[in-house]
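Welcome, and thanks for taking a look at this one. Below is a short briefing to read alongside the sequence and the 3D view.

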Amino acid sequence: MLHYLILLLLLFPQDQTAPAQTDEVGPEPPPPTYDQGPMKATLLAMRDVRFFYGEQPERAERESNFAMQFRVEGEKLGGISSYGNFILDVALTDTGESLVDAESISEEDRTFTRPNNIPIERLRTTGLTLVARCKSPPRQAQKLTSMKGSVRLVLASDTESVTIDNPFQYLNATVQHPRLNELGIEVRILKADTLEPAPPANRSVVLQLKANAAKVQSATFVDGWMRPVQSRESKAKTTGGEDCVVHTLDPQAINDDLQLVLEIHPEVEELLVKFEESDVTLP
């Protein structure tokens, strides 16, 4: 037995140690951030979707689409209070075809903005991503030889609230408030029957921003106890073709105790971020 133990010790020495590991895993690099440097727009992705319907060619043309995703980034990202559509002015293929119908882009498309409700933490790590759509390129096309576009941003740092008691006292007139007058903000309350089609008068508050619209971040409502009143917002036009916004509320909320709360910016900066690229490979 002793000889057997000695043989085991010779074959499997007990003082052997595991070799030291030299390859250590370091800390993961931090994720990229997009709130530094000059404001710019970059192309992130393209998507080309085509449909074929043998007996409905118009449906195939309607449902097929070519889309591009862009990212807006830069040091003023955190100050965006509202932003517009990404307008693609030029998208020219190497076969000489334009994918953009310039006549279809209206002035409203170029000036429209929507409130920015994206948290700054998310903007910092993703940037502001926007999509632009245009015609599908011909199958022979390999590249976009020229691309030009832009997006309109409204930047603001400070926000304050202005409360208007019983907004219906200003029906078909301009809302009167010292702070709005001081900042040159003109808000009108319109009658429902001045719209086409007319919304229900017993559940609608129609607002029209006539001057310094960029300074108005949002419009909400509260009751006489300052409790929030739920509303649904939609764009509309007057019978004269002017833009306005319809706020649809519960009919029980529309009374003399209703209050309009405007979130406004004393100072704003409008910025047009331009994009230009060439020789972009198509998908």
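## Charges and overall form

The mean positions of the 28 positive and 42 negative charges of the protein chain lie 4 Å apart. Please keep in mind that this is a predicted model. The protein chain holds five helices and 17 strands. Its radius of gyration is 30 Å, well over the 19 Å that the globule rule gives for 283 residues, so the chain is more spread out than a compact globule.

**Extent, surface and contacts**

- The C-alpha trace of the protein chain spans about 110 × 60 × 40 Å along its principal axes.
- Of the 283 residues in the protein chain, 35% are buried.
- The accessible surface of the protein chain is about 17,800 Å², and carbon and sulfur atoms account for 50% of that area.
- If you look at contacts between residues at least 6 apart in sequence, 77% of them join residues at least 24 apart.

**The five-stranded open sheet**

- Five strands make up an open sheet with antiparallel pairing, in the order β8-β9-β10-β14-β13.
- Its edge strands are β8 (173–174) and β13 (231–237), each of which pairs on one side only.
- β8 is joined to strand β9 (residues 186–190) by two bridges, and these two strands run antiparallel.
- To find this pairing in the viewer, start from Ala173, whose bridge partner in β9 is Ile189.

**The four-stranded open sheet**

- Another open sheet has four strands in the order β7-β15-β11-β12, again with antiparallel pairing.
- Here the edge strands are β7 (160–165) and β12 (228–229), and each pairs on one side only.
- Six bridges connect β7 with strand β15 (residues 259–264) in the antiparallel sense.
- Thr163 is a handy marker for this pairing, with Val261 as its bridge partner in β15.

**Strand β6 and its partners**

- Why can strand β6 (residues 143–156) be called largely enclosed by the rest of the structure? Of its 14 residues, 10 are buried, so the strand is largely enclosed.
- Strand β3 (residues 80–93) pairs with β6 in the antiparallel sense over 10 bridges.
- Strand β16 (residues 268–277) also pairs with β6 in the antiparallel sense, over 10 bridges.
- Gly149 of β6 links the description of both pairings: Leu88 stands opposite Gly149, and Gly149 stands opposite Phe275 in β16.
- β6 and strand β17 (residues 280–281) pair in the antiparallel sense too, over two bridges.
- For that pairing, the bridge partner of Lys143 in β17 is Thr281.

**Strand β5 and its two faces**

- In a regular strand, side chains alternate between the two faces of the sheet.
- Strand β5 (residues 128–134) shows such an alternation: Leu128, Leu130, Ala132 and Cys134 point to one face and are buried.
- Thr129, Val131 and Arg133 point to the other face of β5 and are not buried.
- β5 runs antiparallel to strand β2 (residues 65–73), and seven bridges join the two.
- Cys134, one of the buried residues of β5, is the bridge partner of Phe66.

**Two lysines to inspect**

- Lys235 sits in strand β13, which is an edge strand of the five-stranded sheet.
- Is Lys235 buried or exposed? Its relative accessibility is 57%, so Lys235 counts as exposed.
- Not counting residues up to four places away in sequence, Lys235 touches Glu108, Phe112 and Cys244.
- From Lys235 to Asn117 there are 118 residues in sequence and 18 Å in space, C-alpha to C-alpha.
- Lys210 lies in strand β10 (residues 204–211), and β10 belongs to the five-stranded sheet.
- With a relative accessibility of 41%, Lys210 counts as partly exposed.
- Which residues does Lys210 contact, leaving aside neighbours within four places in sequence? They are Glu186, Arg188 and Glu242.
- Lys210 and Pro197 are 13 residues apart along the chain, and their C-alpha atoms are separated by 21 Å.

How values were computed. Residues numbered from 1 in each chain as written. Predicted model: local features only at pLDDT ≥ 70, side-chain atom pairs only at ≥ 80, totals over all residues. Heavy atoms only, no water. Buried < 20%, exposed > 50% of the residue type's maximum accessible area, 1.4 Å probe, protein only. Pairing = 2+ DSSP bridges. Rg over C-alpha atoms; globule rule 2.2 N^0.38 Å. Contact = heavy atoms within 4.5 Å. Areas by Shrake-Rupley, 256 points an atom, 1.4 Å probe, with all protein chains shown as cover. Lys, Arg positive; Asp, Glu negative; His and termini not counted. Charge placed at Lys NZ, Arg CZ, Asp CG, Glu CD.
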